[in-house]
Amino acid sequence: MRRKAEALHDALEALETDHRRRQRSVVDYALQDFCSNDYLGLAHHPRLMEAATRAISRYGAGGRASHLINGHTEEHEQLEYALARLTGRERALVFSTGYMANLGVIQALSGHHAVVIQDRLNHASLIDAGRLAAPRGLSRYAHADVANAKARLEKAITQQPQASRLLVTDGVFSMDGDLAPLPELAQLAKEYEAWLVVDDAHGIGTLGQHGGGCCELFNLDSDQVPVLVGTFGKALGSFGAFVAGDSALIEWLLQTSRTYIYTTALPPHVAAATRAALELLTDEPWHKEKLQTNIQYFRSRAQQLGIELLDSQSAIQPILLGSEQRTLYLSARLREHRFSVAAIRPPTVPKGTSRLRITLSSRHNPADIDALLRVLADELHRDSV
Ligand SMILES: Cc1ncc(COP(=O)(O)O)c(C=O)c1O
């Protein structure tokens, strides 16, 4: 036992030496938040908090049981209807987290034999889902490279014609902020008879005229994107996730998706808060509009200050630095100036691409963005001389 503990100690030391050891810090609300995913500032919106409070006094604090036993309340039912309306799909199914939704949907569609073809930069939960569901069938294409995805589908259909095929992508990439080439991927999936699974965790609420995400933005229906995953813990300001699609797909997930069946239901008050957030997408569209204004403002001010950005039009605006050490240093310097910006390092991102992941929100004002960028420009300049 002692030898095992020593091995762990050595492994932790190695992480420290490589500047990859992760640290938690308790949230300091005095800091200006430029790293959470509360893109529309809804987490503290009075309507979400009131909806949650009302539901908690009716249903209690917990989920009590799984959906198929007796955890499925009217709050979940109504939320699923609202999600189906938002996404223009026949039905939606609420999962307890986005991680579980991804594991559950890929397992349920993979059967005994599948090839799961994924963008190399997909979220870890999708990659893990592929590893679990199809340990020998996971294939990762170069980021946003439709030709590379096509070559892998071609190989799959030639070598394993009986296997089910899944083509899986983030809608908005969580660490780069760019959009997947969804119309082209939808075309490809159709051509090769593959399930297209789109995880739109960062697009739901922020993109599309009504906040329906990437599919609304590109006008893609359930025939083109049959499996749409979204989460509540980001723009919707609460917690949990969903899958939306045709009735047959949702019924299949309900019958077979292990991460749906064998877990406690999302607490009803979380479902209530989420439904309030969906209503706000219509009732208070200015949160989304302000976010878009902030994104444009951030990008133009950064350009004026000579700060290099990636090609992202979303709320996720990374500053690519390369080294872990430099990224940690700059994150700490920003913290001294009262800004909270996450230092993202491998294995979350590929080696040599450590970065500051700045996220924008409708809570920010131009003055906040100016203040952050001025400090950042000074630090980057000092760092480079
Ligand atoms: C693209 C993407 N998918 C899924 C998840 C997981 O969602 P959840 O936090 O609800 O588990 C995240 C982040 O958390 C994400 O960025």
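**Entry 1: a helix pair and its network**

I began with glutamate 336, which counts as exposed at 54% relative accessibility. I note at the outset that the model is predicted. I then looked for the partner of glutamate 336 and found a salt bridge with arginine 333, the closest N and O atoms being 2.6 Å apart. Both residues lie in helix α14 (residues 324-336), where three residues, about one turn of the helix, separate them. I followed the charges further and recorded a network of salt bridges that links Arg333, Glu336, Glu379 and Arg382.

**Entry 2: other salt bridges**

I noted a total of 17 salt bridges in the structure. One of them joins the side chains of arginine 91 and glutamate 251, at 3.0 Å from N to O. This pair links distant parts of the chain, with arginine 91 in strand β2 (residues 91-95) and glutamate 251 in helix α10 (residues 247-256), 160 residues apart. I looked up the accessibility of each partner: arginine 91 is partly exposed at 28%, and glutamate 251 is partly exposed at 32%.

I next examined aspartate 370 and arginine 301, whose side chains meet in a salt bridge of 2.7 Å, N to O. Aspartate 370 belongs to helix α15 (residues 366-384) and arginine 301 to helix α13 (residues 286-304), so that pair also links distant parts of the chain, 69 residues apart. Are these partners buried or exposed? Aspartate 370 has a relative accessibility of 14% and counts as buried, because the limit for that class is under 20%. Arginine 301 is buried as well, at 19%.

**Entry 3: the two domains**

I consulted the domain assignment, which gives domain 1 (46-283) and domain 2 (285-384). Their centres, taken over C-alpha atoms, are 28 Å apart. At the interface, 19 residues of domain 1 are in contact with 18 residues of domain 2. The area buried between the domains is about 1200 Å², and carbon and sulfur atoms give 59% of it. On the side of domain 1, Met175, Asp176 and Thr206 lose the most area to domain 2, together 44% of what that side buries.

I counted one salt bridge between the domains. The side chains of aspartate 176 and arginine 355 meet in a salt bridge of 2.8 Å, N to O.

**Entry 4: serine 125**

I closed with serine 125, which lies in helix α6 (residues 124-133) and counts as buried at 1% relative accessibility. Its side chain makes polar contacts with the side chains of asparagine 102, at 3.0 Å, and histidine 123, at 2.7 Å.

Conventions. Residues numbered from 1 in each chain as written. Predicted model: local features only at pLDDT ≥ 70, side-chain atom pairs only at ≥ 80, totals over all residues. Heavy atoms only, no water. Domains from an automatic or database assignment. Contact = heavy atoms within 4.5 Å. Buried area = accessible area lost by both parts, 1.4 Å probe. Salt bridge = Lys/Arg side-chain N within 4 Å of Asp/Glu carboxyl O. Helix = DSSP H or I, 4+ residues; strand = E, 2+ residues; numbered from the N terminus. Buried < 20%, exposed > 50% of the residue type's maximum accessible area, 1.4 Å probe, protein only. Polar contact = N/O pair within 3.5 Å; in protein donor to acceptor, adjacent residues only side chain to side chain.
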